[in-house]
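User: I'm new to reading protein structures and would like to go through one step by step. Can you help me with some questions about it?

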Amino acid sequence: MQNIKTAIIGAGFMGPAHTEALRRLGVQVVGILGVDQAESDKAAESLGIPKAYASFEDVLKDKEVQVVHLTTPNKLHFPMAKAVLKAGKHVLCEKPLAMTSAETKELVALAKETGLAAGVNYNMRFYPLCLQAKDMVQTGEAGEIHSIVGSYVQDWLLKDTDYNWRVLAEEGGAVRAIGDIGTHWMDMVQNITGLKIVEVLADLKILHPVRKRPKGEVETFSGKVQDIQATENVDIITEDCGSVLLRFNNGASGNLWVSQATAGRKNCLRYEISGSKTALYWDSESPNEIWVGQRDKANERMLKDPGLASDAVRPYIGYPGGHNEGYPDSFKQSFRAFYHFIAAGDPSATPQFATFEEGHHEVVLCEAILKSHKEKKWITV
Ligand SMILES: NC(=O)c1ccc[n+]([C@@H]2O[C@H](COP(=O)([O-])OP(=O)(O)OC[C@H]3O[C@@H](n4cnc5c(N)ncnc54)[C@H](O)[C@@H]3O)[C@@H](O)[C@H]2O)c1
């Protein structure tokens with residue numbers, strides 16, 4: 001794994017997050033590309049990365065680079081992922097995989113054709129206690145799953161003065177809160193249970209049909225601290241929040257509430273998965289504990305501890321019990337799974353990271369959710 005060399009595209013919130021996580025694994029980040037030379041230079045200098053690329057073509061031509069991470073805005077994922085695969089390099093793309101299911105379908109086919117590793121960074125599935133929940137469900141400890149409910153809520157787009165490229169459909173996709181954070185939740189519960197969402201009924205809401213766009217760009221999550229002087233009005237057609245009723249392929253029911261406008265909830269993904277034996281509840285704002293609900297004895301609260309985790313989960317825990325792990329660790333573990341897969345060189349192995357197929361399914365779900373909202377009826381996925 002330590003011999004693999006990687007380039008990062010994008011130098012905003014995610015570019016440095018990917019770089020730090022890769023370094024913790026010993027992967028060599030040899031170059032970075034920003035939107036222009038100045039951003040490439042600044043990122044390379046502040047992160048101590050040897051090469052500051054001048055263009056995307058320079059990355060594709062760099063023979064030293066075997067893997068490319070895409071951390072650019074969503075609209076660039078499709079053309080960039082396609083070009084990276086065609087250049088013969090493995091690709092790890094940020095979520096969502098692309099803007100439409102036509103694009104994601106094409107990427108799935110191309111990844112298969114090239115035989116290269118192609119992953120989507122649904123990093124949240126790698127919180128150790130979520131992997132533990134997966135083990136508990138898939139070994140039958142939770143029993144037959146009959147309901148899956150939860151939410152993913154944030155507050156950084158609460159005000160009409162809050163702005164980021166994500167609010168524009170042409171930059172981020174036709175569904176925003178669902179695509180940006182709802183897909184993390186859907187990936188999470190489907191990965192834990194091994195079930196698939198097969199029908200949806202959605203009710204989405206736009207709180208601010210007009211937002212005030214600052215003149216100049218706004219860094220992700222920086223709205224509260226950035227001093228904004230002049231703004232211009234911009235029409236918004238992407239949802240700030242919404243509900244989705246769900247049906248799973250085993251007949252289980254569920255619901256998801258997504259919001260980027262819930263005051264005080266900074267980055268809060270919660271799920272409650274109920275089976276015939278136990279129920280499992282987890283909250284990303286307290287990620288080092290999971291609640292196990294019992295019917296006939298006292299409930300349990302398990303703390304993250306490699307000594308208590310199952311064998312399958314232990315390799316994804318970096319620190320002893322009582323030493324908290326959080327969001328950046330989930331990137332490290334997501335990349336660990338991806339790079340182990342590359343290093344093992346066995347395409348028949350089952351990937352633990354989210355594959356392009358899974359990334360495609362998420363975009364198909366987004367489209368079904370939007371259709372359901374527009375047509376006010378259940379949609380079969
Ligand atoms: N997995 C997660 O938890 C998570 C969290 C946040 C964002 N994301 C995803 O990561 C991606 C990036 O989001 P972000 O919050 O980092 O956005 P951001 O706006 O902070 O960063 C985007 C970066 O891409 C650069 N860029 C734009 N066009 C480019 C081009 N043509 N070539 C090279 N660089 C270019 C921008 O200058 C900026 O540096 C999105 O797809 C988003 O959905 C994932």
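User: Which strand holds Trp257?

Analyst: First, some ground rules: this is a predicted model, where local features need pLDDT of at least 70, side-chain atom pairs count only at pLDDT 80 or more, and totals for chains, interfaces and linings use all residues. Residues are numbered from 1 along each chain as its sequence is written. Helices (H or I, at least four residues) and strands (E, at least two) are DSSP runs numbered from the N terminus. The run covering residues 253-259 includes Trp257, and that is strand β12.

User: Is Trp257 buried or partly exposed?

Analyst: You count other C-beta atoms, placed from the backbone, within 10 Å of the residue's own: 20 or more is buried, 12 or fewer is exposed, and in between is partly exposed. Trp257 has 18, so the label is partly exposed.

User: Which residues does Trp257 touch, leaving out those up to four places away in sequence?

Analyst: A contact here has C-beta atoms, placed from the backbone, within 7 Å. With that cut-off, and with those sequence neighbours left out, Trp257 touches Ser151 and Ser243.

User: What gives the most residues to the side of domain 1 that touches domain 2?

Analyst: The domain bounds, from an automatic or database assignment, are 5-123 for domain 1 and 125-323 + 351-380 for domain 2. Their contact takes 22 residues from domain 1 and 27 residues from domain 2. On the domain 1 side, α5 (101-114) and β6 (118-120) are the elements that give two or more residues. The top giver, with six residues, is α5.

User: How many charged residues are in the shell around the ligand?

Analyst: A residue is near the ligand if its C-beta atom, placed from the backbone, lies within 6 Å of it, and 25 residues surround the ligand, the closest being Gly10, Gly12, Met14, Val35 and Glu94. For classes, Ala, Val, Leu, Ile, Met, Phe, Trp, Tyr, Cys and Pro are nonpolar, Asp, Glu, Lys and Arg are charged, and the others, Gly among them, are polar. The shell has ten nonpolar and ten polar residues, and the charged ones number five.

User: What span should helix α10 have?

Analyst: The expected span is 1.5 Å times one less than the number of residues. Helix α10 (residues 356-375) has 20 residues, and its end C-alpha atoms are 28 Å apart, which agrees with the expected 28 Å.

User: And how many of the residues of α10 are buried?

Analyst: This helix is mostly covered. Out of the 20 residues in α10, the buried ones number 14.

Definitions and conventions: Two residues are in contact if their C-beta atoms, placed from the backbone, lie within 7 Å.
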